[in-house]
Each structure stands twice: as C-alpha cells, then as structure tokens.
Amino acid sequence: MPAAGSDHPAAPPLPRTVRIGYGLGSLCTGTFATVPGLILLYYLTNVLAVPAAVAGAAVFLPKAWDVLINPLVGAVSDRSRLRGGPRRPFLLLGASTLPPLFALIFAAPPVRGAPAAGYVAVLFLLAATAYAVFQVPYVTMPAEMTEDPHERGRVLGWRVGFLGVAILLSGALAPAIAHADGDTPESYRLMGVAVALLLAVGMFGAWAATRRAPAAVRSEAEPSLRAQLAAARSSKPFLHLAGMWTLQALAIGVMLAGVQYFATYTLGSAGAVTPLFACLIGPLVLFMPLWNRLARRKGVAYAQWCASLLYTAGAVLLAFTGAAGPAVGYAAVVLVGIAYAGLQLLPLTMLADTLAADAAITGRRRAATFTGLWTAAETLAFALGAGVFALVLAVTGFRSSDAAHHVEQPAAALTGITAGMSVLPAVLAAASLLLLCRYRVTPTVPRSLQEEPARAD
C-alpha cells in the first residue's frame, strides 16, 4: 500500500542484513568523530609538550580541509562508473586507508613541541581525507536505497543505533587504554591500534553487507563547490537546519575537547574521564527510544527543541562543579548525555525530511549535494571545537608538558577549563535555537515524512 499522502507505491523492504550492515558503518563515523575530539588535543599538550595554540591549529586545520574535500568526494562519487556502483568502491577505499592512518597519528616519533605537532597534523590530514572518502558516499546511500520514507527511517535507525554503540565503546575504550600506564607515548600508541581495529570492523562490515543494497534512485551532486553552495542557499529549510546543527556540533566539539582537561584539573584525576564519559554517553542507548517516541507523538521539531534546551541547561549546571562538588558535575553531564541522545537522532531525521522536501519542490535529487555539505559542516564544527577550546587554554595561560613532567596550572587556566567546558557550549547551544525557530519543512512533503522519525526495526 502506498504511504499516506505519497505519490509512490511502497517499495519492497530492504533485506535486514542490508539495514544492519549499513548501520555498521557508524562504528566508523561515531568513532572518528569522537576519539580525536576527545583525546587528540590532550595528547598534544600533555604528552608531546605542544603549546596549546599550536596544538589547536594541528587539530583544527586538517579537519578544515573537509570543507573542500567532502563536496569533491560527493561529486566524484556521483560521476563514478566503477564496478560495484557509485558508492561502495569508495567505502572500500576508505576502509583500506583510514585505520592504518589513524593508528599512525598516535605513533609519533620521539620528538616534542612543534615537530610533534607537524607530524600529527600531516597524519591527521591524511586520515581526514580517507574518512571523507568513506563518509560522504556512506551518508548518501539511504536516500538512494529506497524511496519509501518508512524504510529509510528503519535504515537510519540502525545507523543511529550503531552510532551510539560506537561513541560509547570508543569514548570509554580510548581514554582507558591511553591512561593505563600514566599517559605514556606507548599507551597512546596501543590505543591508536585498538581504535583502528574498531574502525576497520565497521568500515569493511558496511562495505560487505551493502552489496545487496538496491539502487532505487540516483542522486547527483552539483559539479563545483560554488554550485553546491548555491544549491544550498536555494533551500532555506536546509540552511536553517544545517546552521542549527553546525552550532550544536561546535558546542559538542568544545565539550568533547574539554572532557579530559575537566577530569584532570577540575575533578582531580585523569582517570575520571572514563566515568565522566560514561555519564555523557551512557544515556545514549537508554534515552534514544524515548526521544524517538516523543518525536512520533509531538513532531521531530518539538523533540529537537526539548533536546536543545536540556543540553543548554546541563551545560550551564556544569559550570557550578567547582563550587558545588563533583556530584553536581556528574549530574550535569548525565543531563547533557540525555540531551545528546536526542541530538544524535533528531537532526538526521530532520535532514532526511528536508531532502525529501527539496526533491518534491524542485524535482531534482540533490541528496549528495546536501549531505556532502552537511558532513563537511559537521566535521568542521567538531574540529573547530577542539581549536576553540585550545584557544581558551592559550588565552588563560595553560602550561603544556610531556608525559614525564607534569606542571602546575595557574588559576586562570583552571577557570578557563571549567568555563570552556560549560559556559561556552551553553552559549553556542542557545544561539542554535535562533535557527531552529526559523526551520520549517515545506507542506508539500508527504505527511508520513514529517511524522515518522528514524527508528530501528
């Protein structure tokens, strides 16, 4: 039966192995979005003795490259006539290159300061390129597997589910291994290998499992970055949605970059990052179904408002950790984690609705264009988060060190760590609400698209 209000008959359901296998790719996207943002800046400043400002540039600039490379990958993938379809060969290429490059990032030679920053920056740039080769085709695939919004929702549901697993697993595993022997270069090297194996499982799994995925439609990206930006400007819902998520991703990126410093200097133990991160990510699996249910009952935009406001409130509460004690800090992080569960699910659902709305209005399949820009903005925002937090450290006088020589931090730096972890993300999240106010899905979208958020089958 056709979906209510739709002009297309319902498509045959996708094989369950395709839905689950596609979701495996989020073991890569969730891990690569989490681990560098969580641990790379701290690795540079507290293990390799890189000054905070230089470390921020080493983390930010390679990821800023994604603004150029992501749309280019989308365009090349669209024009590809490789055996295996326009998307899966790129998944294989990314899977073959990203894991070893990621391991090499944390295998720096015995140098410190600026040379160490240069090594990390070059390897991180190569890894970011390999990630773009995988990610851009990957996020385009659901819009091309099926035209049925319900089936697309099931695919996205698996993707978001594995995303939660990846963030929880990698975010807990990476710091635990890195701190096992007291923040030594060897422990970080072992951590890099372990995370690389997790990346490989997800990437090769998605490539292998989607071999049976149908090609229901074919989207095409615009031929140049200028044309892609022009296409984005023609869709106000996409602009408002992408702007909202970019600010929220920046807030999350700043907070992720600050978690390790917050644990070490505010809570008093580098090892506290593991329970702190568990409080942040633990609610992801528990509360995501509840956000899904709220979205079905009240609408996706309403649920997004609730998640955004809760995130802002949790970030504000986090600022009182120093005065009120660690319990308040952990409670605030739990609130942020509950909100984060919604922020991982709801914008993706809204993006799928927006892509469908654009196709209904223009008659053109521009999913590749919009998803390329979306992923570029998201990746840039997460990278900029680390850069912004590094700037806070530099301005407040943070003192870098290596693993063998820890130094006392000035009071201004300690205040900057707490403010950078709490007040700054709260301000960014509050600013995103201005764009959320202006987001409207066009009425020409079938009602089923507006009422059915992504959910796992």
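Visitor: Which residues does Gln260 touch, not counting those up to four places away in sequence?
Guide: In this predicted model, Gln260 touches Leu38, Tyr42, His179, Ala270 and Val273.

Visitor: Where is Gln260, and is it buried or exposed?
Guide: Gln260 sits in helix H10, residues 236-266. Its relative accessibility is 1%, and the cut-off for buried is under 20%, so Gln260 counts as buried.

Visitor: Tyr42 was on that list. What contact does Tyr42 of H2 help make?
Guide: Tyr42 is one of the H2 residues in the contact with H8. The others from H2 are Leu27, Cys28, Thr31, Phe32, Val35, Ile39 and Tyr43. H8 contributes Tyr188, Met191, Val195, Leu198, Leu199, Val201, Gly202 and Met203.

Visitor: How many of those are nonpolar, polar or charged?
Guide: The contact of H2 with H8 has 14 nonpolar residues, 2 polar and no charged.

Visitor: At what angle do H2 and H8 pack?
Guide: H2 (residues 26-46) and H8 (residues 185-209) pack at about 165°, with axes 9 Å apart. Angles over 145 degrees count as roughly antiparallel, so H2 is roughly antiparallel to H8.

Visitor: Is the crossing left-handed or right-handed?
Guide: H2 and H8 cross in a left-handed way.

Visitor: Now the whole chain. How many helices and strands?
Guide: The protein chain has 18 helices and 0 strands.

Visitor: What share of the residues is buried?
Guide: 58% of the 457 residues count as buried.

Visitor: And how much area does the chain expose?
Guide: About 16900 Å², with carbon and sulfur atoms supplying 68% of it.

Visitor: What share of the contacts with a separation of 6 or more is between residues 24 or more positions apart?
Guide: Such pairs account for 83% of those contacts in the protein chain.

How values were computed. Residues are numbered from 1 along each chain as its sequence is written. This is a predicted model: local features need pLDDT of at least 70, side-chain atom pairs count only at pLDDT 80 or more; totals for chains, interfaces and linings use all residues. Side-chain values use heavy atoms; hydrogens and water are left out. Helices (H or I, at least four residues) and strands (E, at least two) are DSSP runs, numbered from the N terminus. Buried means under 20% relative accessible area, exposed over 50%, partly exposed in between (1.4 Å probe, protein chains only). Contact means heavy atoms within 4.5 Å. Accessible areas come from the Shrake-Rupley method with a 1.4 Å probe; for residues, only the protein chains shown count as cover. Axes are lines fitted to C-alpha atoms, for helices over the stretch in contact, and angles run from 0 to 180 degrees between N-to-C directions. Angles under 35 degrees count as roughly parallel, over 145 as roughly antiparallel, 65 to 115 as roughly perpendicular and the rest as oblique. A crossing is left-handed if the near helix is turned anticlockwise from the far one by less than a right angle, and right-handed if clockwise. Ala, Val, Leu, Ile, Met, Phe, Trp, Tyr, Cys and Pro count as nonpolar, Asp, Glu, Lys and Arg as charged, and the others, Gly among them, as polar.
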